[in-house]
Amino acid sequence: MLKTVTTIDHWLFTKINGVWHNSFFDAFLPFLRQSYFWIPLYFFLLVFAPLNFKKRGWLWVLFFIVTASITDLMSSRLIKGTVLRLRPCQNPELADTLRLIVNYCPGNSSFTSSHAANHFAVAMFIYTTFKKDVSKWWGLLFVWGFVISYTQVYVGIHYPLDVIGGAIVGSLIGYVTGKVFIKKIGLYTSGLQNTV
C-alpha cells in the first residue's frame, strides 16, 4: 500500500514538475511562494479585523498569529523532525529529470510542506471565523492555499503528498483555533452581515 502511494506520489510529481509547465508559470509561480509577495494581504487582515471588530478584532489578530505559530511549530519542528523524507531536489534518482525553478534546496525533511500547512491553517482560521459574520467568500482563500501548495511541487522542492499532508495538518489546526476563538470570544456582528 505504502509503495503504491509513493509510486503515485512520484508519478504526479514528475507530471507537475516536468511535464505540465510553461515559461509563464516558470517565471511567475516562484514569486507566489515568497512571504513578501503576500504582505499587502496580511496587512489588510491586520487592519480589517481591529477596524471592524475593535477589541475583538485585536484578539482575532492574536489568534491569527497563534494559529500560524502553532502550525509552523507542528510542521517545521515536530513532523519534519519525526518523518525524515528526502526532498525531490535532494533525491539522486530525480537528478536527471528534476526542474529546480528556485535557486536553493532546503536541507530539512520534505514532509510536511510548511508552506502548505501555514497557508491552509490561515485560510481555515479566517474562513471559520469570518464565514458567518463577514462573508462566505473568504472560502476563496482555500484556492490561495492550493495554488501556493501546487507551486511547492512545481518548483521542485516538495512532493504532492508533502503538500497534501501539510494542507490537512494546517486545516485541522486552523479549524480548531477558529472554533476556540468563536466559542471563547466571537466577532461583533452588528452591521457587518454580507460584507466582504
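**Figure 1. The second largest pocket of the predicted model, which holds about 160 Å³ of space.** The residues that line this second largest pocket are Leu12, Ile16, Phe120, Phe146, Ser149, Tyr150, Val153, Pro160, Val163, Ile164 and Ala167. Three elements, α1 (2-18), α5 and α6 (160-184), each give two or more residues to the lining of the second largest pocket. By residue class, this lining divides into 10 nonpolar residues and one polar residue, with no charged residue among them.

**Figure 2. The largest pocket, with a volume of about 390 Å³.** This pocket is lined by 25 residues, of which Ser35, Tyr42, Ser114, Asn118 and His119 are the closest to its centre. Two or more lining residues come from each of the helices α3 (39-82), α4 (114-130) and α5 (141-154), and the largest share, seven residues, is that of α3. The lining of the largest pocket is made up of 12 nonpolar, nine polar and four charged residues.

**Figure 3. The surroundings of Gly174 in helix α6.** Gly174 has a relative accessible area of 0%, and because buried residues are those under 20%, Gly174 is counted as buried. When neighbours within four places in sequence are left aside, the residues in contact with Gly174 are Thr67, Ala121, Met124 and Phe125. The view can also be extended to Val66, which stands 108 residues from Gly174 in sequence, while the C-alpha atoms of Gly174 and Val66 are 9.8 Å apart in space.

**Figure 4. The backbone at Lys54, a residue of helix α3.** Lys54 is not a glycine, although its phi is positive, at about 55°. The relative accessibility of Lys54 is 54%, and because residues over 50% are classed as exposed, Lys54 counts as exposed.

**Figure 5. The cis peptide bond between Phe111 and Thr112.** In the bond that runs from Phe111 to Thr112, omega is near 0°, and the bond is accordingly described as cis. Thr112 is placed in the loop between α3 and α4.

**Figure 6. The whole chain, shown as the setting for the close-up views, with six helices and zero strands.** Followed along the sequence, the elements of the chain give the pattern α-α-α-α-α-α. The radius of gyration is 18 Å, close to the 16 Å that the globule rule gives for 196 residues, so the chain is as compact as a globular protein of that length. Taken along the principal axes, the box filled by the C-alpha atoms of the chain is roughly 60 × 35 × 25 Å.

**Figure 7. Burial, contacts and exposed surface over the 196 residues of the chain.** Of these 196 residues, 45% count as buried, with Gly174, at a relative accessible area of 0%, as one buried residue shown in a view above. Among contacts in the chain with a separation of 6 or more, those between residues 24 or more positions apart account for 81%. The area exposed by the chain is about 10,700 Å², of which carbon and sulfur atoms supply 70%.

How values were computed: Residues numbered from 1 in each chain as written. Predicted model: local features only at pLDDT ≥ 70, side-chain atom pairs only at ≥ 80, totals over all residues. Heavy atoms only, no water. 1 Å grid on protein atoms, 1.4 Å probe; cavity = no way out; pocket = protein on both sides within 12 Å on 5 of 7 lines; lining within 4 Å. Points joined across faces, edges and corners; volume = space filled by probe spheres on them. Helix = DSSP H or I, 4+ residues; strand = E, 2+ residues; numbered from the N terminus. Nonpolar A, V, L, I, M, F, W, Y, C, P; charged D, E, K, R; others polar. Rg over C-alpha atoms; globule rule 2.2 N^0.38 Å. Buried < 20%, exposed > 50% of the residue type's maximum accessible area, 1.4 Å probe, protein only. Contact = heavy atoms within 4.5 Å. Areas by Shrake-Rupley, 256 points an atom, 1.4 Å probe, with all protein chains shown as cover.
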